[in-house]
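The following exercises are to be worked with the sequence and the structure in view. Each task is followed by a solution in steps.

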Amino acid sequence: MIAQVTSEDEPSASAVTASCRLESDLWLDSVELAALAGLLRSAYGNGVDLATFLTGLEIDKLIGLTVGDLVSYIAGCLDSG
């Protein structure tokens with residue numbers, strides 16, 4: 001999904017790991033995060049609300065948010081839903 005929203009080719013998507021930071025490593029901007037939120041909601045339902053999750057984070061956590069953090073958030077939503 002990250003490859004989709006960044007318009008990256010699939011081979012480069014293999015470089016995405018759990019420790020990659022969304023902002024400083026993958027350079028996701030607000031438009032791409034909004035697109036990712038839409039893809040996540042389509043795939044997993046309304047229980048995965050990325051926008052609400054992101055707005056609840058302190059600035060340091062938001063800047064340092066990793067792919068692994070995002071996966072943990074999604075897994076938590078699916079476990080509780």
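**Exercise 1.** Determine where Trp27 is placed, and whether Trp27 is buried or exposed.

*Solution.* Trp27 is located in the loop that joins α2 (10–13) to α3. In this predicted model, the relative accessibility of Trp27 is 64%. Exposed means over 50%, so Trp27 counts as exposed. The backbone deserves a further remark: although Trp27 is not a glycine, its phi is positive, at about 55°.

**Exercise 2.** Check the span of helix α6 against the value expected from its number of residues.

*Solution.* Helix α6 covers residues 67–80, which is 14 residues. The expected span is 1.5 Å times one less than the number of residues, so α6 should span 20 Å. The C-alpha atoms at its ends are 20 Å apart, which agrees.

**Exercise 3.** State which residues of α6 are buried and which helices they pack against.

*Solution.* The buried residues of α6 are Val67, Gly68, Leu70, Tyr73, Ile74 and Cys77. Their packing partners are α1 (2–6), α3 (30–44) and α4 (50–55). A general rule helps in reading such a list: an α-helix has 3.6 residues a turn, so residues three or four places apart point the same way.

**Exercise 4.** Describe how α3 and α6 cross and which residues make the contact.

*Solution.* The two axes come within 12 Å of each other and cross at roughly 30°. The crossing of α3 past α6 is right-handed. From α3, the contact involves Leu36, Leu40 and Tyr44; from α6, it involves Leu70, Ile74 and Leu78. Sorted by character, the residues of this contact are six nonpolar, no polar and no charged.

**Exercise 5.** Find how many aromatic pairs there are, and classify the geometry of Phe53 and Tyr73.

*Solution.* The count is one aromatic pair. Phe53 and Tyr73 form this pair, with 4.1 Å from centre to centre and 15° between the planes. Planes under 30 degrees apart count as stacked, and the pair is accordingly stacked. Phe53 belongs to helix α4 and Tyr73 to helix α6, 20 residues apart, and the pair thus links distant parts of the chain. Phe53 counts as partly exposed because its relative accessibility is 21%. Tyr73, with a relative accessible area of 16%, is buried.

**Exercise 6.** Locate Gly64 and name its contacts beyond four places in sequence.

*Solution.* Gly64 lies in the loop between α5 (59–63) and α6. Its relative accessibility of 29% means that Gly64 counts as partly exposed. With neighbours within four places in sequence left aside, Gly64 is in contact with Arg21 and Asp69.

Note on methods: Residues numbered from 1 in each chain as written. Predicted model: local features only at pLDDT ≥ 70, side-chain atom pairs only at ≥ 80, totals over all residues. Heavy atoms only, no water. Helix = DSSP H or I, 4+ residues; strand = E, 2+ residues; numbered from the N terminus. Buried < 20%, exposed > 50% of the residue type's maximum accessible area, 1.4 Å probe, protein only. Contact = heavy atoms within 4.5 Å. Phe/Tyr/Trp six-rings, centres within 6.5 Å; stacked < 30°, edge-to-face > 60°. Axes fitted to C-alpha atoms, helices over the stretch in contact; angles between N-to-C directions. Left-handed = near helix turned anticlockwise from the far one by under 90°. Nonpolar A, V, L, I, M, F, W, Y, C, P; charged D, E, K, R; others polar.
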